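Me: I'm new to this structure and would love a close look at just one part of it. Could you walk me through how its aromatic rings sit together?

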Amino acid sequence: MTILSQILAHLLMGVSCDSFSIFNGMICDENFLLLDALSKKNLALAMGIYWRRFFFDFWMGNYSEARGWAVKALSYSKCSGPSMINIKCTVARGLTAFRLYREGKGTEFFNEGKEMLNGLEKWLKVSMDWKKGLKFSEHFVKNKVLLLQAELYASNCEVRKAKETYEASIRSATNYGRINDQAHAYEMMGDYLTSILEIPEATDCYRMAHKCYIQWGATAKAKKIQEDHHLDLAGGRLKNNNVKHGRGW
């Protein structure tokens, strides 16, 4: 695990760890690391730091802040080609864009969300056509495509399609043990149901998201879900609550 991945994991887990001890006091935190990278024109490292910050704000639901970090990261290099990291960046950017659109930030975010979805759908087709030689599988991409599609339907006020597609994304993530994707799909569905005032069903989704985040190890994220939505964790009504998982920060 790289130092940036380690920092992200520790933040989501809510644990303290001095990731910079390896520098023997020469670099004491991420801000110093970023300044060092910029002064030495180490653009790959600077871009990595911006993406680390993007992903943390994205996971914590700070979408405007996440968008800002993505813009800085993309000023160094665009996400192109179906690699695992590019897929993760594309999904997170698309989800961020759709959310900002629904928050009234402008139609350009709706168009950006559709652009990210179109790119991901092409990569899904690639993963289905090429069974060998790829660093990712159809299973890795499919639930992410479904989640972005659900957000598109939600943004278009297509309630039935949105609900069905959120549920399909949850099933896909569950079937292939993608616990982090499962957690996020439950959370996104909960946010959507809240927006259309289906509060009991939304609360069920948040309970399941909390459960999945705990099993993923993202304790800080789970705590935020509980606090933001005032969860009583004594129960829930969703029947499809089988949790399979593989950790994938």
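Reply: Happy to! A good place to begin is one aromatic cluster, formed by Trp-51, Phe-54, Phe-55, Phe-58, Trp-59, Tyr-63, Tyr-213 and Trp-216. Please keep in mind that this is a predicted model.

Rings are taken as a pair if their centres lie within 6.5 Å, and by this rule the count comes to 13 aromatic pairs. Let's look at Phe-58 and Trp-59: their ring centres are 5.8 Å apart and their planes meet at 65 degrees, so this pair is edge-to-face. That label follows because planes over 60 degrees apart count as edge-to-face. Both residues also belong to the cluster named above. How much of each is accessible? Phe-58 has a relative accessible area of 4%, which makes it buried. Trp-59, with a relative accessible area of 8%, is buried as well.

Now for another pair, Phe-98 and Phe-110. Their ring centres lie 6.0 Å apart and their planes are at 65 degrees, so this pair too is edge-to-face. Here the two rings link distant parts of the chain, 12 residues apart. Phe-98 sits in helix H5, which covers residues 84-102, while Phe-110 belongs to helix H6, covering residues 107-129. As for their surroundings, Phe-98 and Phe-110 are both buried.

So, when you turn back to the picture, try finding Phe-58 beside Trp-59 as an edge-to-face pair, and then trace the link from Phe-98 in H5 to Phe-110 in H6.

Methods: Residues numbered from 1 in each chain as written. Predicted model: local features only at pLDDT ≥ 70, side-chain atom pairs only at ≥ 80, totals over all residues. Heavy atoms only, no water. Phe/Tyr/Trp six-rings, centres within 6.5 Å; stacked < 30°, edge-to-face > 60°. Buried < 20%, exposed > 50% of the residue type's maximum accessible area, 1.4 Å probe, protein only. Helix = DSSP H or I, 4+ residues; strand = E, 2+ residues; numbered from the N terminus.
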